[in-house]
Amino acid sequence: MPVEKHSTYFNMLDVLKEKGCPYCRLSDKSAHSYFDAFLFENVTDREVSKKLRSSGGFCREHSAKFLEFNDTLGAAIVYESLIYDLLNEKKESLSLKSGACPACAVSKEAEERHLKTFEPYFAEPEFAEAYLVSEGFCISHLKLLLPKIKKESVLKKVIEKERQTLEKLHSELLEFLRKNDYRFSKEEWGAEKDSWRRAIGKFVGERKVRQKSL
Ligand SMILES: [Zn+2]
Ligand SMILES: [Zn+2]
């Protein structure tokens with residue numbers, strides 16, 4: 001039976017065509033839409049969303065995302081509110097909140113939905129083909145995805161694809177190391193030039209590697 005093709009399917013198909021781990025791209029996109037909506041709806045006055053106030057702010061990764069928007073007024077309103085909360089509940093102490101980052105919650109929910117639908121979507125030739133020519137998943141997301149795949153035949157194809165991707169990256173690293181040897185250092189750089197960066201990204205997801213500002 002063909003799968004129902006709704007936005008989850010098309011979102012996934014889109015990110016499969018982009019560079020890097022598709023789940024990292026999705027996670028980045030969901031955080032982006034979160035801040036888009038957050039800055040549009042919530043930051044019109046001092047009443048920043050209750051969820052954010054009870055969380056004590058955004059996590060490190062999503063604070064970096066927030067910075068990317070460069071919304072100076074939005075940031076000032078949000079953090080005035082958060083610091084006001086820290087100072088005001090009890091005099092002579094600090095009201096430190098320990099709730100989860102609301103952008104993480106939104107992003108986790110989207111990630112879970114897209115991980116769960118990988119196997120049914122893989123039955124669609126268009127989807128399987130897009131995955132098989134993609135750059136594959138990062139190791140962090142692969143650890144989350146593999147236990148969710150029930151069909152032996154699908155698991156076999158995913159492992160085969162990911163092994164091929166890792167083998168290619170491994171040989172690029174070997175080539176990078178070879179060219180660092182003074183005897184070969186006059187040779188021109190090829191695709192292996194940034195293999196070390198892609199290798200770091202392959203483990204934790206490129207979104208985190210790209211993050212330089214925090
Ligand atoms: Zn990833
Ligand atoms: Zn977060």
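Modeller: Contact here means heavy atoms within 4.5 Å. Among contacts in the chain between residues at least 6 apart in sequence, 70% join residues at least 24 apart. This is a predicted model, where local features need pLDDT of at least 70, side-chain atom pairs count only at pLDDT 80 or more, and totals for chains, interfaces and linings use all residues. Residues are numbered from 1 along each chain as its sequence is written, chains are lettered from A and ligands numbered from 1 in the order in which they are written, and side-chain values use heavy atoms, with hydrogens and water left out.

Colleague: Okay, what is the chain built from, in helices and strands?

Modeller: There are 12 helices and 0 strands in the chain, going by DSSP runs numbered from the N terminus (H or I, at least four residues, for helices; E, at least two, for strands). Read from the N terminus, the elements go α-α-α-α-α-α-α-α-α-α-α-α.

Colleague: On to the metals. What makes Cys21, Cys24, Cys138 and His141 the protein donors of the zinc ion (ligand 1)?

Modeller: Their atoms SG, SG, SG and ND1 lie 2.0 to 2.3 Å from the zinc ion (ligand 1), and the cut-off for an N, O or S donor is within 2.8 Å of the metal (3.2 Å for Na, K and Ca), so they qualify. Water is not among the atoms, so sites may look incomplete. Along the sequence, the spacing of these donors is C-x2-C-x113-C-x2-H. One pair links distant parts of the chain: cysteine 24 sits in helix 2 and cysteine 138 in the loop between helix 8 and helix 9, 114 residues apart.

Colleague: And why is the site of the zinc ion (ligand 1) called tetrahedral?

Modeller: The angles among its 4 donor atoms run from 103 to 113°. Four donors count as tetrahedral if all angles lie between 85 and 135 degrees, so this site passes.

Colleague: Why do cysteine 24 and cysteine 138 count as buried?

Modeller: Buried means under 20% relative accessible area, exposed over 50%, and partly exposed in between (1.4 Å probe, protein chains only). Cysteine 24 comes in at 0%, so it is buried, and cysteine 138 at 2%, so it is buried too. Over the 214 residues of the chain, 40% count as buried.

Colleague: Which residues coordinate the zinc ion (ligand 2)?

Modeller: Cys59 (SG), His62 (ND1), Cys101 (SG) and Cys104 (SG), at 2.0 to 2.3 Å. Their spacing along the chain is C-x2-H-x38-C-x2-C. Here, too, a pair links distant parts of the chain: cysteine 59 is in the loop between helix 3 (50-55) and helix 4 (60-68), cysteine 104 in helix 6 (residues 102-116), 45 residues apart. The angles of 103 to 116° among the 4 donor atoms make this site tetrahedral.

Colleague: Are cysteine 59 and cysteine 104 buried or exposed?

Modeller: Neither label fits. Cysteine 59 has 23% relative accessibility, so it counts as partly exposed; cysteine 104, at 29%, is also partly exposed.

Colleague: With that many cysteines, how many disulfides does the structure hold?

Modeller: It holds 0; a disulfide would need a pair of cysteine sulfur atoms within 2.5 Å.

Colleague: What makes a group of residues a nonpolar core?

Modeller: The members must be buried Ala, Val, Leu, Ile, Met, Phe, Trp, Tyr or Cys residues, joined through side-chain atoms within 4.5 Å. The largest such core here has 25 residues, and Met12, Tyr23, Phe118, Phe127 and Phe137 touch the most other members. Helix 1 (7-16) gives the largest share, 5 residues. Leaving aside neighbours within four places in sequence, phenylalanine 118 contacts residues including Met12, Tyr23, Phe127, Leu145 and Val158. Another core, of 11 residues, lies apart from the largest one; Tyr34, Phe38, Val78 and Cys101 are among its members.

Colleague: How do you know that asparagine 70 is exposed?

Modeller: Its relative accessibility is 64%, so it clears the mark of over 50%. Asparagine 70 lies in the loop between helix 4 and helix 5 (72-88), and its phi is near 55°, a positive value in a residue other than glycine.

Colleague: And why is arginine 198 called partly exposed?

Modeller: Arginine 198 has 25% relative accessibility, hence that label. It is found in helix 11 (residues 195-204) and touches Leu169, Glu172, Ala191 and Glu192, not counting residues up to four places away in sequence. Arginine 198 and leucine 169 are 29 residues apart in sequence and 8.1 Å apart in space, C-alpha to C-alpha.

Conventions. Four donors count as tetrahedral if all angles lie between 85 and 135 degrees; four count as square planar and six as octahedral if opposite donors are over 155 degrees apart and all others between 65 and 115; anything else is irregular.
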